[in-house]
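Hi,

Here is the structure I promised to pass on. Have a look at it first, and then read my notes below.

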Amino acid sequence: MGEYTTQVVVGVGGRAGVSVAEVCALVEETLRGAGLAVGSVTALATVESKADEPGITGAAERFGVPLVSYPADRLAAVIVPHPSEAARAATGTPSVAEAAALAGGGELLVPKRRSVSATCAVATTHTHDLRHHGDAEVIDAGSALVDLAVNVRADTPPDWLKRRIAASLGDLAAYPDGRPARAAVAARHGLPVERVLLTAGAAEAFVLIARALGAVRPVVVHPQFTEPEAALRDAGHRVERVVLRAADGFRLDPAAVPEDADLVVIGNPTNPTSVLHPAGTLSALARPGRILVVDEAFMDAVPGEREALAGRMDLPGLVVLRSLTKTWGLAGLRIGYVLAEPEVIAKLAAAQPLWPVSTPALVAAEACMAPAALAEAQEAARRIAVDRAHLLAGLAEFDEVTSVGVAEGPFVLIQVAGGAEVRTRLRALGFAVRRGDTFPGLDHSWLRLAVRDRATTGRLLQAMDHALALAAR
């Protein structure tokens, strides 16, 4: 189960006389880099003027797929990330490979790649629902389902935090004052306050980054939380993707990120893969002239916060996002923060509305920075690690289930044949799990499971056994 089954269209272009071998080699190399099997390709696509080029027609024959061709004027109307005036002059469209890949709909998975005489680009045949989140699995179910779809820690917020928030309600007549919470966050990470911005959850931070930092070539590393790409697209950006492969354990090779990318977004530990990238690997992406956004929303669920970059001041362009909604059960309150260079913080703050964070949220932020709260979070992280090991051990008993590598977050990603059917059957058995196919790079065979206590996991594993037995009939 190591390869994806997502269907794709490969757009191809080539100079006159390009060989079948060169076209095939470029396409195969590009697919491998994206973690895609040659067998997942449904068609090659090109411009009409290249539809009779022997190297291109021969490549379609070798792959055993049809060759679809489009008029140049139709392809010229397709918006592509890498237009070329030379290609426009030669073919009538600014990018044969990218425009042909996108002409049938869907979204670009791999932008234009070149060899000596050929070009290709890869698009999925469907678009991912970037705005689908785990709460959609349970929003109308009430308490009828055990929630394994949302990554908020169970039995939160704790009573002491509820009391602190409740006590703040007497101050609602006054405008919020974020200075104490900002100072508390700065002290917690050993940073000057000028490097801290409080936000209405990490989601607001993604919107601010997309709108205020003026990126020209943004790149999002997938599979990961989809809101950063959605925010960038909403702000009018053309987003490129670096898609990590299951065969590599969804681990990042920094060389896969385009050298001229001026905004790079990656999660650590990554949602939904639960992979914790080494700090050194992520540090290798930092350079002058680039904004490196590391989403550490789940880092406080990692014992000792290993591989964290929060608090680092030596990496140019580093922007770290943190959320208090997951560990402390504050998704309904909306509180998070950004750590970055003062110049970046100033740009983001200028794009915020007045008083973006409410008084109760500010009180919660300050409270969660206290030493006792940090110690409680670390103890919760240690319990999560034990409970996660129990879940993974149970899943390993199923031949039909493959878990991703070494999970480090409060959730695990699994692949199972007939995943959509298994998810439906688990729901009928009382368990809501997160579908994986809305994450670029994943398909219907992937499911994400939140880590819960041993008793809940035991019931889940029994339900999984039943669901797999039913799916096999």
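Before anything else, keep in mind that this is a predicted model.

I started with a pair of helices. The axes of α8 (residues 201-212) and α12 (residues 342-351) come within 9 Å and cross at roughly 100°. Angles of 65 to 115 degrees count as roughly perpendicular, so that is how α8 and α12 sit to each other. If you want to find the spot where they touch, look for Leu208, Ile209 and Ala212 on the α8 side; their counterparts in α12 are Lys347, Leu348 and Ala351. Sorted by class, this contact of α8 with α12 has five nonpolar residues and one charged residue, with no polar ones.

Next, the second largest pocket. It holds about 430 Å³ of space. The lining is made up of 20 residues, and Gly33, Ala34, Arg113, Val242 and Ala256 are the closest to the centre. Which elements supply at least two residues each to this lining? They are α1 (20-33), β4 (107-114) and β9 (240-243). Of the elements, β4 gives the most, with five residues. As for the chemistry of the lining, ten residues are nonpolar and eight are charged, while two are polar.

Then there is His82, which you'll find in the loop between α3 (72-76) and α4 (85-91). Its side chain makes a polar contact of 3.5 Å with the side chain of Arg217. Leaving aside residues up to four places away in sequence, His82 touches Pro94, Ser95, Glu98, Pro111, Lys112, Arg217 and Glu240.

Last, some backbone details to look up in the loops:

- The peptide bond from His222 to Pro223 is cis, with omega near -5°. Pro223 belongs to the loop between β8 (218-222) and α9 (227-234).
- Another cis peptide bond runs from Asn268 to Pro269, and here omega is near -10°. You can find Pro269 in the loop that sits between β10 (263-267) and α10 (279-283).
- Arg334 is not a glycine, yet its phi is positive, near 65°. This residue lies in the loop between α11 (325-328) and β13 (336-339).

If you'd like a route through the model, begin where α8 meets α12, go on to the lining of the second largest pocket, and then turn to His82 and its polar contact with Arg217. The loops with Pro223, Pro269 and Arg334 can come after that.

Cheers

Methods:
Residues numbered from 1 in each chain as written. Predicted model: local features only at pLDDT ≥ 70, side-chain atom pairs only at ≥ 80, totals over all residues. Heavy atoms only, no water. Axes fitted to C-alpha atoms, helices over the stretch in contact; angles between N-to-C directions. Helix = DSSP H or I, 4+ residues; strand = E, 2+ residues; numbered from the N terminus. Parallel < 35°, antiparallel > 145°, perpendicular 65-115°, else oblique. Contact = heavy atoms within 4.5 Å. Nonpolar A, V, L, I, M, F, W, Y, C, P; charged D, E, K, R; others polar. 1 Å grid on protein atoms, 1.4 Å probe; cavity = no way out; pocket = protein on both sides within 12 Å on 5 of 7 lines; lining within 4 Å. Points joined across faces, edges and corners; volume = space filled by probe spheres on them. Polar contact = N/O pair within 3.5 Å; in protein donor to acceptor, adjacent residues only side chain to side chain.
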